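Me: I want the reasoning behind the labels. Take me through them one by one.

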Amino acid sequence: MPELPEVEVVRRGLDEHVTGRTITAVRVHHPRAVRRHEAGPADLTARLLDTTITGTGRRGKYLWLTLGPDTALVVHLGMSGQMLLGQPTSAPPNENHLRIAALLDDGTTLSFVDQRTFGGWMIADMVTVDGTPVPVPVAHIARDPLDPLFDREAVVKVLRGKHSEIKRQLLDQTIVSGIGNIYADEALWRAKVNGARPASALSRPKLRELLDAAHDVMTDALGQGGTSFDSLYVNVNGESGYFDRSLDAYGREGEPCKRCGAVMRREKFMNRSSFYCPRCQPRPRT
């Protein structure tokens with residue numbers, strides 16, 4: 001699933017090209033792509049038609065196009081969703097996986113392509129949370145480390161009260177959003193913390209260091225267009241990011257740690273994998 005840097009790359013591309021554009025036609029090619037819009041595809045199509053996109057937004061891994069002060073088109077990328085821009089004279093990208101297409105008034109086609117059909121579009125009302133307008137389905141999501149209003153000390157306080165693994169807490173989008181499996185492992189490696197350590201066992205300075213590491217690694221990834229391991233994650237022009245070449249922990253099982261040279265390990269964690277250095281990030285004693 002795309003994480004914060006990948007979603008932010010897509011948001012920036014959309015913001016540059018679609019803000020101020022009016023939707024002149026919409027076609028839903030697969031009903032699963034609008035299953036979160038309870039009123040159905042006909043309602044979504046009717047409400048988008050002749051609507052002007054006034055901006056874009058993101059919180060954590062959630063992306064939306066604003067359709068005025070009170071409404072937004074929430075885009076869930078799921079595991080393989082792509083928001084692609086192109087010309088109507090060209091063949092739709094990944095035509096077999098095209099789920100929704102919207103034509104804009106400048107002749108650009110905005111296509112939602114989703115191989116695994118876990119993502120989708122929905123129209124939602126906006127609500128103000130902590131002074132920031134967000135779509136209702138996103139209201140429960142915490143601010144992310146790249147948010148200018150992110151309150152690091154408040155998050156540290158919450159983490160100090162959690163007795164389960166620190167990696168589990170980093171993945172909890174209601175505590176701190178945007179951090180997925182890849183960037184959790186990267187931040188933990190940078191802070192020299194094993195993800196199995198209880199959050200409550202970490203000192204406040206160490207938790208601050210860990211959150212700063214998450215901020216820094218995602219900023220670095222954003223500068224390189226995100227992390228792409230296959231063709232499923234691309235930006236609005238269909239281009240892949242290349243931060244995977246700079247990863248220090250994730251996916252490096254059996255390779256030497258870039259810091260100390262010990263052999264990197266992989267363990268199962270929440271139906272996923274955790275990658276860490278056994279020397280720099282020793283497991284907690286049971």
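Me: Where is K192 placed?

Reply: K192 sits in the loop between helix 5 and helix 6. Helices here are DSSP runs of H or I with at least four residues, strands are E runs of at least two, and both are numbered from the N terminus. This is a predicted model, in which local features need pLDDT of at least 70, side-chain atom pairs count only at pLDDT 80 or more, and totals for chains, interfaces and linings use all residues. Residues are numbered from 1 along each chain as its sequence is written, and side-chain values use heavy atoms, with hydrogens and water left out.

Me: Why does K192 count as partly exposed?

Reply: Buried means under 20% relative accessible area, exposed over 50%, and partly exposed in between (1.4 Å probe, protein chains only). K192 has 47% relative accessibility, so it counts as partly exposed. Its phi is positive, about 60 degrees, although K192 is not a glycine.

Me: What makes T117 count as buried?

Reply: T117 has 15% relative accessibility, so it counts as buried. T117 lies in the loop between strand 7 (109-114) and strand 8 (120-129). T117 is not a glycine either, yet has a positive phi of about 55 degrees.

Me: Why are helix 5 and helix 6 called oblique to each other?

Reply: The axes of helix 5 (residues 181-191) and helix 6 (residues 204-223) cross at roughly 125 degrees and come within 8 Å. Axes are lines fitted to C-alpha atoms, for helices over the stretch in contact, with angles from 0 to 180 degrees between N-to-C directions. Under 35 degrees is roughly parallel, over 145 roughly antiparallel, 65 to 115 roughly perpendicular, and the rest oblique. Helix 5 and helix 6 are therefore oblique.

Me: Which residues of helix 5 make the contact?

Reply: Y183, E186, A187, L188, R190 and A191 of helix 5 do, against helix 6 residues including L210, V217 and M218. Contact means heavy atoms within 4.5 Å.

Me: How do you know that strand 2 and strand 3 pair?

Reply: Pairing needs at least two DSSP bridges between the strands. Strand 2 (residues 55-59) and strand 3 have five, in the antiparallel sense. One of the bridge partnerships is G55 with T66. The two strands form a hairpin with two residues between them.

Me: How many bridges join strand 3 to strand 4?

Reply: Four bridges join strand 3 to strand 4 (residues 71-76), and the two run antiparallel. L63 has V75 as its bridge partner.

Me: Why is strand 3 called largely enclosed?

Reply: Four of the five residues of strand 3 (residues 62-66) are buried, so the rest of the structure largely encloses it.
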